[in-house]
Amino acid sequence: MSEEATSAETSKASAKASDTTTAKRSPIIVCRKIVRSFWRAKERLDVLDELDLEIAEGSFEALMGPSGSGKTTLLNLIAGLDRPTSGTLTVAGTEVSAMGDAALARWRSQTIGFVFQHFNLIPVLTALENVELPLLLTSLGSSERKKRAQIALRVVGLEDRMHHRPQQLSGGQEQRVGIARAIVHDPKIIVADEPTGELDRKSADEVLHLLERLNKEFDKTILMVTHDPAAAERATVLRKLDKGKLL
Amino acid sequence: MTLSGLSIKNIGHNWLRTILTVVGTAIAILSFVLIRTTLSAWEAGVDNAAQDRLSTIHRVTFVMPLPKRYFDEFNGARGRIPGVKASTFMNWVGHKHPTRETEFFATMAVDSGTYFDVYPEMSVPPDQLANWKENRQGAIIGEALANQFGWKVGDDVTLTGTIYPGDWKYKIEGVYEATKKSVDRAQFLTHWDYLNDSLPEGRRDMIGWVASTVDDASRAADISAAIDAKFDDQDIQTRTMSEKAMTMEFLGGASAILSALDIVSLVILGIMMLILGNTIAMGVRERTHEYGVLLALGFRPKHIATFILGEGLFIGLLGGALGLLISYPIVEQGLGRWLEENMGAYFPYFSIPTSVSALALGMAVALAGLAALVPAYSASKLDVITALRRIG
């Protein structure tokens, strides 16, 4: 209990500190009175309850909270995988809550980079081909796609593993390939859902260091959902969510 | 990598299942090709029948004979029919091998003087033909029949009569080779005179049918009508038709079997489609989470559907190609050669027609595509979040 309180304080302090450092930058994610409800039998369940949130461009934010608090639901909304029941959600200047399926998919492919907990690499493809996947939706030629995928793999330090398949890589390497896939199309925002959840401490540190680099050196806005306090400490802003509301 | 490349790479998710499905498809295609080739070989006589040859039979059925004197109206002894170039006659004798009764071959008593003028596509060495014409008990046999029973020129052969009972002794005087696909390569040809003279008085001077070649194949219908008109006022009327029509009538009894085989070949393709559909559906179900990832990355439902369709088409293409690859040595070289040697009367030419190969490959691909339609449609309706939550 005392640990939670400490954590909450840290969160608020971090948020304040971050607000100070990023005050000059405009918000890239703006949530206004976001409600996301699900129906279980005939009972309405508000997973997000009139949530207001602003995330500054170029920030690295961690989102923590107990299971069922609405972290992943919020992440899915911001990433354009889901739509709010009510409220407005503007991401990178686009009101995603009002977009149709096709437009939303196109927007996602250009604006968002995904890092998943379980890496989610396609097992029949090599690391290079997995990284190249998002570029298949662009008009880039084959050689240009390959070149960009190689660069992305170089950024994550896996250039020498580009022809390996996922089953030939360690968990940490798989996640770094996942990160390369998330940045290959140069998105503005990277959403990471428990990116270190499947990794040992050393691999987790490597992945977090990589996310920090992407944030600082490449100016990517990163929103990371995590249960790991050590991971959360690496973010510049730490937010806590409980019962659909930000604390 | 390309979108289509990604679709094809998906077959590598479960190699064992893919290989089994491709092999299953290949076996179905092999069965289809075998049945279709059998039907095609069976009907080869019809398809390759001479366009310029007519058959004149009893008006009621070819089983009933015509008087021998009718032939005189054809050959100039008592008249000539305008447009008819040459004519001959023959009787179906129906002899059997005394010990290998189930091995069918056509035995015909023919007019030795005119037969090979009307059937020039049956090539007999001149010395053998001359010897046969000299010997009333002589026989000329097809090369396939010679191979089937190991008969050669000079052999004495005794056959058992069925339509004309008793033991019939012949000497093999010649072996003919077929120069066209319309020819049955397993016939046993004897002298009509020998048959006629051996019959009791009441059964003599009757012939099975008259075969005639015409000057102009495009006038075959008019000439047929003219032939039949000539016998309109006789006690027995005739029916003249093209060789093709005659062959079809002769094979008419087997049409039910042929139709059944036709249906079986389609049923095999139906089973193949179900196997493919099941495999594709299993793969799609297992990869739901993966499709969720692709959707999250920005791929559209139409992409997912296309991947699945592409995968199905590729498996169908692989199975069809493998099926054809194994069909040629098995059906054409192995079984086909054996059938031609041993059942030449039924299957004088047993080879896979190009149209059957094309149809088999086309059906494999098309049905695989059809089988993939439902899984592709289902996958295209996936909700991204639900798909991402699905494990395995």
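**Entry 1: the interface**

I began with the contact between the two chains, where 22 residues of chain B are in contact with 22 residues of chain A. The model I am reading is predicted.

I looked up the buried area next. The size of an interface is often given as the accessible area lost when the parts come together. For chain B and chain A I noted about 2100 Å² buried between them, with 69% of it on carbon and sulfur atoms.

I then asked how many salt bridges the rule finds across the interface of chain B and chain A. The rule finds one. Lys9(B) and Glu129(A) form a salt bridge, and their closest N and O atoms are 3.0 Å apart. For polar contacts between chain B and chain A, I wrote down a count of five residue pairs, both residues being at pLDDT 80 or more.

Which elements give two or more residues to the side of chain B that touches chain A? I listed helix 1 (3–9), helix 12 (288–296) and helix 15 (384–389) of chain B. Helix 12 gives the most to that side, with six residues. Sorted by class, the side of chain B that touches chain A has 12 nonpolar, seven polar and three charged residues.

**Entry 2: the cores**

I turned to the nonpolar cores. In soluble globular proteins, nonpolar side chains tend to be buried together. The largest nonpolar core here has 55 residues. Those that touch the most other members are Ile29(A), Leu74(A), Leu89(A), Phe114(A), Leu133(A) and Ile308(B). Helix 12 of chain B gives the most to this core, with five residues, and I had already met helix 12 at the interface, where it gives six residues to the side of chain B that touches chain A.

I also noted a second, separate core of 39 residues, which includes Leu135(A), Leu158(A), Ile183(A) and Ala231(A).

I picked Leu89(A) for a closer look. Leaving aside neighbours within four places in sequence, I found Leu89(A) in contact with residues including Ile29(A), Val30(A), Cys31(A) and Ile34(A). Among the others are Leu77(A), Ile78(A) and Val96(A).

**Entry 3: two positive phi values in chain A**

I checked Glu50(A), found in strand 2 (residues 43–56) of chain A. Its phi is near 45 degrees, a positive value in a residue other than glycine. Is Glu50(A) buried or partly exposed? Glu50(A) is partly exposed, because its relative accessible area is 46%, between the 20% and 50% cut-offs.

Phe119(A) also has a positive phi, near 65 degrees, and is a residue other than glycine. I located Phe119(A) in the loop between strand 6 (112–115) and helix 4 (127–132) of chain A. Its relative accessibility is 9%, so Phe119(A) counts as buried.

**Entry 4: two residues of chain B**

I placed Gln128(B) in helix 6 (residues 126–134) of chain B. Gln128(B) counts as buried because its relative accessibility is 17%, under the 20% cut-off. Not counting residues up to four places away in sequence, Gln128(B) touches Val153(B), Glu173(B), Gly174(B) and Val175(B). I also took the distance to Thr160(B): the two are 32 residues apart along the chain, with C-alpha atoms separated by 24 Å.

Last, I looked up Ser351(B), in the loop between helix 13 (301–342) and helix 14 (354–380) of chain B. With a relative accessible area of 27%, Ser351(B) is partly exposed. Ser351(B) and Leu34(B) are 317 residues apart in sequence, and their C-alpha atoms are 9.6 Å apart in space. Apart from neighbours within four places in sequence, Ser351(B) is in contact with Thr37(B), Lys181(B) and Glu332(B).

Notes. Residues numbered from 1 in each chain as written. Chains lettered and ligands numbered in written order. Predicted model: local features only at pLDDT ≥ 70, side-chain atom pairs only at ≥ 80, totals over all residues. Heavy atoms only, no water. Contact = heavy atoms within 4.5 Å. Buried area = accessible area lost by both parts, 1.4 Å probe. Salt bridge = Lys/Arg side-chain N within 4 Å of Asp/Glu carboxyl O. Polar contact = N/O pair within 3.5 Å; in protein donor to acceptor, adjacent residues only side chain to side chain. Helix = DSSP H or I, 4+ residues; strand = E, 2+ residues; numbered from the N terminus. Nonpolar A, V, L, I, M, F, W, Y, C, P; charged D, E, K, R; others polar. Core = buried A, V, L, I, M, F, W, Y, C linked by side-chain atoms within 4.5 Å. Buried < 20%, exposed > 50% of the residue type's maximum accessible area, 1.4 Å probe, protein only.
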